Amino acid sequence: MTDYIAQVRKVMDDTERNGQYRWLCVRIPADTFYYDELGIDLDKWAAAGIDMFNLSCSYYTVQQTDMAQIRKMVPDNKAVYLEMTNVTARSHKPSHLFRFATDQQLYTTANLAYARGLDGISTFNFEYYRTIYLYGLNREIKFADTEPPYHIFNHMADPAWLAKQPQNYILSDARQFTTQKHLPRAVTKNSPAVIDLDMAPPAGGFKGTGKLRVQFINSINGIDFNVKLNGYNLEKTSDVSEPYPYPYPKDALGTADDTLAWKVPANILINGTNNIEVSAKDACSDIVFVDLAIE
């Protein structure tokens with residue numbers, strides 16, 4: 001792979017015209033777990049001529065990645081970008097639809113990327129806010145009045161603006177072509193689910209009271225849960241609604257039957273890894289989606 005990159009770099013340089021340098025970029029997994037198997041050596045690739053490393057989670061927007069570690073592995077004179085897409089998770093319902101990435105989730109993803117030292121973001125599959133072709137079902141789904149949120153690009157190169165926005169952190173089982181999934185995570189009577197969220201506070205720190213939501217793969221009515229965040233017991237709330245506007249088809253969203261929510265005091269959150277522990281007095285199903293909204 002390194003030799004191939006060097007050959008490509010040489011061809012680009014040999015055919016350069018009018019003194020215009022050509023930038024060579026690679027799209028690689030945002031998880032280092034696969035690098036040895038794929039022949040990815042960031043330092044050698046940089047020396048061979050790569051200018052930009054685009055970190056991808058394939059089909060999905062994923063916030064919890066190895067981007068901070070990768071940024072440290074890449075020489076300072078090379079750029080690292082995080083890729084964002086149109087969806088954050090696949091539905092676990094018969095509709096086979098997706099959770100679409102909202103403005104707040106995209107802004108939060110970009111804010112986290114800048115806070116962890118990355119140089120910017122890229123996007124992929126944004127046109128599929130309009131239409132999704134489901135290969136497994138061999139059919140196309142078209143959504144009315146759901147143009148891609150191109151307005152987000154007015155702010156994606158402005159870390160200061162992004163750092164002033166409300167934050168919406170997400171975690172799902174949406175890791176296509178990978179065994180390194182954060183979810184699903186089972187909650188059983190004798191074994192709580194432990195989940196980590198890397199969070200970067202907005203400018204001025206976390207404020208007010210946030211909301212943590214946990215969605216399960218099936219109904220959890222009648223099951224008694226307890227949730228700790230960074231060691232603090234959270235207070236349950238009946239409000240399991242979306243924390244920010246969601247202008248897309250709602251087929252894939254959680255409901256009152258499979259989703260629970262808790263209030264999150266801002267003063268218990270930290271810049272870095274926040275630990276969530278979900279326990280139950282009875283056996284229960286798997287967690288498939290988690291989000292935390294905070295000003």
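The legends below describe several close-up views of one predicted model.

**View 1. A parallel sheet of four strands.**
In this view, four strands make an open sheet in the order β1-β2-β3-β6, and their pairing is parallel. Strands β1 (25-29) and β6 (120-124) stand at the edges with a single partner strand each, so one side of each is left without a neighbour in the sheet. From one strand to the next, the twist averages 35°. Within this sheet, strand β2 (residues 52-56) is joined to strand β3 (residues 79-85) by four bridges, and the two run parallel. One residue to look for is Phe53, whose bridge partner in β3 is Val80. Helix α5 lies across β3 and β6, and its direction is at about 165° to that of β3.

**View 2. The largest nonpolar core and the surroundings of Leu55.**
The largest nonpolar core has 82 residues, and those with the most contacts inside it are Leu55, Phe216, Phe225 and Ile287. Helix α5 (residues 103-115) gives the largest share of this core, namely six residues. As a general background to such a view, nonpolar side chains in soluble globular proteins tend to be buried together. If the neighbours within four places in sequence are left aside, Leu55 is in contact with several residues, including Ile28, Pro29, Ala30 and Tyr35. Met67, Ile70, Val80, Tyr81, Leu82, Glu83 and Leu118 are also among the residues in contact with Leu55.

**View 3. An antiparallel sheet of four strands.**
A second view shows four strands that form an open sheet in the order β11-β17-β13-β14, with antiparallel pairing. Strands β11 and β14 (232-233) stand at the edges, each with a single partner strand, so one side of each is left without a neighbour in the sheet. Strand β11 (residues 193-199) pairs with strand β17 (residues 272-280) in the antiparallel sense, over seven bridges, and here Asp198 stands opposite Thr273 in β17. Strand β13 (residues 225-229) also runs antiparallel to β17, to which five bridges join it. Along this pairing, Phe225 has Ala280 as its bridge partner in β17, while the bridge partner of Asn226 in β17 is Ser279. When following neighbouring residues such as these, it helps to recall a general pattern: in a regular strand the side chains alternate between the two faces of the sheet.

**View 4. Gln64 and its link to Asp198.**
Gln64 has its place in the loop between β2 and α4 (67-73). With a relative accessible area of 7%, which is under the 20% limit, Gln64 counts as buried. The side chain of Gln64 reaches the backbone nitrogen of Asp198 at 2.7 Å. Asp198 is the residue that stands opposite Thr273 in β17.

**View 5. Phe100, Tyr129 and a cluster of aromatic rings.**
The structure holds 13 aromatic pairs, and this view centres on one of them. The rings of Phe100 and Tyr129 have their centres 5.6 Å apart and their planes at 35°, so the pair is tilted. Because Phe100 lies in strand β5 (residues 98-100) and Tyr129 lies in the loop between β6 and β7 (131-134), the pair ties together parts that are 29 residues apart in sequence. Both Phe100 and Tyr129 are buried, and for Phe100 the relative accessible area is 1%. Ring pairs also link Phe100 and Tyr129 with Phe126, Tyr150, Phe153, Tyr246 and Tyr248 into a cluster. For a sense of distance, the C-alpha atoms of Phe100 and Thr65 are separated by 19 Å, and these two residues are 35 residues apart along the chain.

**View 6. Two loop residues with a positive phi.**
Most residues other than glycine have a negative phi, and this last view shows two residues that depart from that pattern. Ser58, in the loop between β2 and α4, has a positive phi of about 65° although it is not a glycine. Asn230, which lies in the loop between β13 and β14, likewise has a positive phi, of about 55°, although it is not a glycine. Asn230 is partly exposed, with a relative accessible area of 22%.

Note on methods:
Residues are numbered from 1 along each chain as its sequence is written. This is a predicted model: local features need pLDDT of at least 70, side-chain atom pairs count only at pLDDT 80 or more; totals for chains, interfaces and linings use all residues. Side-chain values use heavy atoms; hydrogens and water are left out. Two strands pair if DSSP finds at least two bridges between them. A nonpolar core is a set of buried Ala, Val, Leu, Ile, Met, Phe, Trp, Tyr and Cys residues joined through side-chain atoms within 4.5 Å. Buried means under 20% relative accessible area, exposed over 50%, partly exposed in between (1.4 Å probe, protein chains only). Contact means heavy atoms within 4.5 Å. Axes are lines fitted to C-alpha atoms, for helices over the stretch in contact, and angles run from 0 to 180 degrees between N-to-C directions. A polar contact is a pair of N or O atoms within 3.5 Å; within protein, one must be able to donate a hydrogen and the other to accept it, and residues adjacent in sequence count only if both atoms are side-chain atoms. Rings of Phe, Tyr and Trp (its six-membered ring) pair if their centres lie within 6.5 Å; planes under 30 degrees apart count as stacked, over 60 as edge-to-face and the rest as tilted.
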